[in-house]
Amino acid sequence: MPKLLLRGLLAAALLIVPLATPTAAAPALEVLPIAEAVAALPTAGESRDGYTRTAFRHWVDADRDSCNTRQEVLIAESLISPTVEARCRVTAGEWLSYYDGVTVTDPSGLDIDHMVPLAEAWDSGASAWTAQRREAYANDLTAERSLVAVTARTNRSKADQDPAEWLPPAADAHCTYTADWVSTKLRWGLTVDDEEQAALAELADDCVGKVVEYEPAP
């Protein structure tokens with residue numbers, strides 16, 4: 001076969017063979033002893049300049065299945081099969097609010113708490129994010145620790161305070177809460193201020209054996 005013809009056939013074959021498209025690797029799960037996880041948090045001063053709650057669009061229906069973020073958390077965290085009515089309205093179930101150890105059966109008594117409150121996230125780096133990233137943060141259903149159903153009373157007593165200022169009333173929840181807080185900050189690359197870092201380090205000392213698990217947010 002003439003060389004020119006052979007080259008032409010090879011070139012044509014290359015054009016019709018699809019090239020493999022590399023897929024992005026999923027973020028690796030990080031597992032650290034709690035003291036190491038606290039030490040890994042970057043420190044920086046905080047500023048609430050320009051903050052408004054509306055900067056974080058939340059309780060959206062990202063997957064368009066008629067269930068917004070609040071309803072998704074209620075369904076996921078109910079200890080029994082929840083009652084879900086039209087338009088994905090959760091009307092009954094059973095939830096353990098781990099902040100205070102209270103069992104709740106009426107979802108109207110529950111708030112969905114952002115583990116790291118929106119205002120605290122703003123102070124800690126989210127002020128520089130795009131609106132899309134803030135929305136992703138406020139509706140983070142991928143990480144179980146980001147959002148939690150708790151009694152409205154404890155959520156509102158927490159408000160926008162960090163662990164230097166507020167801890168769950170149930171003492172046996174402190175290590176879980178500390179790990180969840182640190183996990184969320186590491187996942188989203190948020191900073192801590194000096195007082196917060198010192199409080200977390202002190203809490204970690206009382207939680208020997210506890211680990212922090214997180215996947216960096218995309």
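Select Tyr99 first: with a relative accessible area of 0%, Tyr99 is buried. The model on screen is a predicted one.

**Stop 1: Tyr99, Tyr177 and Trp166**

Keep Tyr99 shown and add Tyr177, which also counts as buried, at 0% relative accessibility. The ring centres of Tyr177 and Trp166 are 5.7 Å apart and the planes meet at 70°, so this pair is edge-to-face. Trp166 belongs to the loop between α6 (152–158) and α7, whereas Tyr177 is in helix α7, and 11 residues separate them. Both Trp166 and Tyr177 are buried.

Now widen the view to the other rings. The structure holds 12 aromatic pairs. In one of them, Tyr99 and Tyr177 have ring centres 5.4 Å apart and planes at 85°, so they too are edge-to-face. This pair links distant parts of the chain: Tyr99 is in the loop between β4 (95–97) and β5 (102–104), Tyr177 is in helix α7, and they are 78 residues apart.

**Stop 2: a cluster of rings**

Select Tyr51, Phe56, Trp122, Trp129, Tyr137 and Trp188 together; ring pairs link these residues into a cluster. Then add Arg133 and look at Trp129. The charged end of Arg133 sits over the Trp129 ring, 5.2 Å from the ring centre.

**Stop 3: the disulfide of helix α7**

How many disulfides does the structure hold? There are two. A disulfide is a covalent bond between the sulfur atoms of two cysteines. Select Cys175 and Cys207, whose sulfur atoms are 2.0 Å apart in one of these links. The torsion about their S-S bond is -90°, and the link is left-handed. Cys175 lies in helix α7 (residues 174–188) and Cys207 in the loop between α8 (194–205) and β8 (211–214), so the disulfide ties together parts that are 32 residues apart in sequence.

Are these two cysteines buried or exposed? Cys175 is partly exposed, with a relative accessible area of 23%. Cys207 counts as buried because its relative accessibility is 4%, and the cut-off for buried is under 20%.

**Stop 4: the disulfide of Cys67 and Cys88**

Move to Cys67 and Cys88, joined by a disulfide with an S to S distance of 1.9 Å. The two cysteines are in distant parts of the chain, 21 residues apart: Cys67 is in the loop between α2 (34–40) and α3 (69–77), and Cys88 is in the loop between β2 (83–85) and β3 (89–92). Why is this disulfide right-handed? The torsion about the S-S bond of Cys67 and Cys88 is about 95°, so the disulfide is right-handed. Cys67 and Cys88 are both buried.

With bonded cysteines counted along the chain, the disulfides follow the pattern 1-2, 3-4.

**Stop 5: the backbone at Arg87 and Cys88**

Stay with Cys88 and add Arg87, also placed in the loop between β2 and β3. Most residues other than glycine have a negative phi, and most peptide bonds are trans. Arg87, however, has a positive phi, near 60°. Cys88 has a positive phi as well, near 55°. What is the relative accessible area of Arg87? The value is 78%, so Arg87 is exposed. Cys88, with a relative accessible area of 6%, is buried.

**Stop 6: helix α3 and its cap**

Select Asn68, which caps the N-terminal end of α3. One of the side-chain oxygens of Asn68 lies 3.1 Å from the backbone nitrogen of Arg70. Next, colour the buried residues of α3: Thr69, Arg70, Gln71, Glu72, Val73 and Leu74. Which strands do the buried residues of α3 pack against? They pack against β3, β4, β6 (110–114) and β7 (147–151).

**Stop 7: strands β6 and β7**

Finish on two of those strands. β6 and β7 run antiparallel, with five bridges joining them. To find one bridge, select Leu110 and look for its partner in β7, which is Thr151. Then show the whole of β7: five of its five residues are buried, so the strand is largely enclosed by the rest of the structure.

Terms used:
Residues numbered from 1 in each chain as written. Predicted model: local features only at pLDDT ≥ 70, side-chain atom pairs only at ≥ 80, totals over all residues. Heavy atoms only, no water. Disulfide = S-S within 2.5 Å. Helix = DSSP H or I, 4+ residues; strand = E, 2+ residues; numbered from the N terminus. Buried < 20%, exposed > 50% of the residue type's maximum accessible area, 1.4 Å probe, protein only. Phe/Tyr/Trp six-rings, centres within 6.5 Å; stacked < 30°, edge-to-face > 60°. Lys NZ or Arg CZ within 6 Å of the ring centre and 35° of its normal. Contact = heavy atoms within 4.5 Å. Polar contact = N/O pair within 3.5 Å; in protein donor to acceptor, adjacent residues only side chain to side chain. Pairing = 2+ DSSP bridges.
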